[in-house]
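Here is a short report on one protein model. Please keep the sequence and the structure in view while reading.

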Amino acid sequence: MPFDRISNLLSFIFLVMSFLLIIRNSLAAQVRMFAAQSAVLTVLAAVVAYFGGSRELFGVAVVFAIIKVIVIPNVLMRAVTRIGIQRAVAPYLNTSITLGICGGLVVLSFYAMAPVTASNALPTAEGIPLAFAGVLIGLFTTVNRRRALTQILGFLMLENSVFMVALLATYGVPLIVEVGVFLDVLVAVLILEVFIYRIKENFDSIDVKHMRALKG
């Protein structure tokens, strides 16, 4: 069936982009990769909406594209330009170890999601382990990064993957719920943008290790 093949392909591309984002050294390139990953997820949502006959999910895809492909990347690029730092600080673990751990998380996700995949009759079920792997990788990226901006990107990857899990497992949640979540994420990013500027002004760096200099 074309539907399951298309959804699996887009799910795989989504996960590959998570790995590509991790190995990028440029902050601007990381932001662009996040926008591209969000665009792939938008296409996946539109495909599920088309084959599932859900107009509401089409609305979710449109809102998702506006916020995750256009607005949030522009906010992050503005932060990169204003901060004036183009190169990302190395993570706590080097690239080889990071990729090895992320590969292990993919294997773990397939093992953990095997019962869910087997019990789900939807044609998109085989992509659930890939989406859950994205959740684990996003969480790991958040804690493995030193700069506040790259931690935000890790959080956004995590949120994208959570949406993808819901999309593949249940064809998404009601439009009003998704819109509320997307707006919450947008507000959080705007607040974190201000937070990044304050870190830069006070510590002349957005490396979170400098936060240890704060004393109670």
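Buried means under 20% relative accessible area, exposed means over 50%, and partly exposed covers what lies in between. Ile23 has 39% relative accessibility, so it counts as partly exposed. The model is predicted.

## Overall fold

The protein chain holds seven helices and zero strands. Along the sequence, the pattern reads α-α-α-α-α-α-α. The chain has 216 residues, and buried residues make up 46% of them. Take the contacts between residues at least 6 apart in sequence: 77% of these join residues at least 24 apart. The chain exposes about 10200 Å². Carbon and sulfur atoms supply 69% of that area.

## The nonpolar patch

Which residues make the nonpolar surface patch of about 370 Å²? Phe12, Val16, Leu20, Ile23 and Leu99 make it. Helix H1 spans residues 2-23 and gives the most to the patch, with four residues. Ile23 lies in this helix.

Ile23 also has a partner far along the chain. Thr95 is 72 residues from Ile23 in sequence, yet their C-alpha atoms are 6.7 Å apart in space. Thr95 sits in helix H4. Its relative accessible area is 40%, so Thr95 is partly exposed. The pair therefore sets one partly exposed residue beside another with that label.

## The nonpolar core

The largest nonpolar core has 47 residues. Leu41, Leu44, Leu76, Ile137, Phe163, Met164 and Leu167 touch the most other members. The elements that give two or more residues to this core are H1, H2 (27-52), H3 (55-83), H4 (95-119), H5 (128-144) and H6 (148-170). Helix H2 gives the most, with eleven residues.

What does Leu41 touch, leaving aside its neighbours within four places in sequence? Leu41 is in contact with Phe14, Phe64, Asn160, Phe163, Met164 and Leu167. Phe163, Met164 and Leu167 also appear among the core members with the most contacts to other members.

Val47 lies in helix H2. Its relative accessible area is 15%, so Val47 is buried. Not counting residues up to four places away in sequence, Val47 touches Phe3, Ile6 and Leu10. Val47 and Leu10 are 37 residues apart along the chain, with 9.7 Å between their C-alpha atoms.

## The salt bridge

How many salt bridges does a search of the whole structure find? The search finds one. The side chains of Glu159 and Lys68 form it, at 2.2 Å from N to O. The pair links distant parts of the chain: Glu159 is in helix H6, Lys68 is in helix H3, and 91 residues separate them. Side chains of opposite charge can pair when their charged atoms come close.

Are the two partners buried or exposed? Glu159 has 12% relative accessibility, so it counts as buried. Lys68 has 0% relative accessibility, so it counts as buried too. The cut-off for buried is under 20%. The side chains of Lys68 and Glu159 also register as a polar contact, at 2.2 Å.

## Pro73 and Gln151

Pro73 belongs to helix H3. Pro73 is buried because its relative accessible area is 5%. Leaving aside neighbours within four places in sequence, Pro73 is in contact with Val31, Phe34, Ala35, Ile67 and Lys68. One of these contacts, Lys68, is the salt-bridge partner of Glu159. Another, Val31, is 42 residues from Pro73 in sequence, and the C-alpha atoms are 6.0 Å apart.

Gln151 lies in helix H6. At 23% relative accessibility, Gln151 counts as partly exposed. Gln151 and Thr141 are ten residues apart along the chain, with 7.0 Å between C-alpha atoms.

The C-alpha pairs named in this report are listed below.

| Pair | Apart in sequence | C-alpha to C-alpha |
|---|---|---|
| Pro73 and Val31 | 42 residues | 6.0 Å |
| Thr95 and Ile23 | 72 residues | 6.7 Å |
| Gln151 and Thr141 | ten residues | 7.0 Å |
| Val47 and Leu10 | 37 residues | 9.7 Å |

Key:
Residues are numbered from 1 along each chain as its sequence is written. This is a predicted model: local features need pLDDT of at least 70, side-chain atom pairs count only at pLDDT 80 or more; totals for chains, interfaces and linings use all residues. Side-chain values use heavy atoms; hydrogens and water are left out. Patches are made of residues with over 30% relative accessible area and no salt bridge: like charges are joined within 9 Å, nonpolar side chains (Val, Leu, Ile, Met, Phe, Trp, Tyr) within 5 Å. Accessible areas come from the Shrake-Rupley method with a 1.4 Å probe; for residues, only the protein chains shown count as cover. A salt bridge is a side-chain nitrogen of Lys or Arg within 4 Å of a carboxyl oxygen of Asp or Glu. Buried means under 20% relative accessible area, exposed over 50%, partly exposed in between (1.4 Å probe, protein chains only). A nonpolar core is a set of buried Ala, Val, Leu, Ile, Met, Phe, Trp, Tyr and Cys residues joined through side-chain atoms within 4.5 Å. Contact means heavy atoms within 4.5 Å. A polar contact is a pair of N or O atoms within 3.5 Å; within protein, one must be able to donate a hydrogen and the other to accept it, and residues adjacent in sequence count only if both atoms are side-chain atoms.
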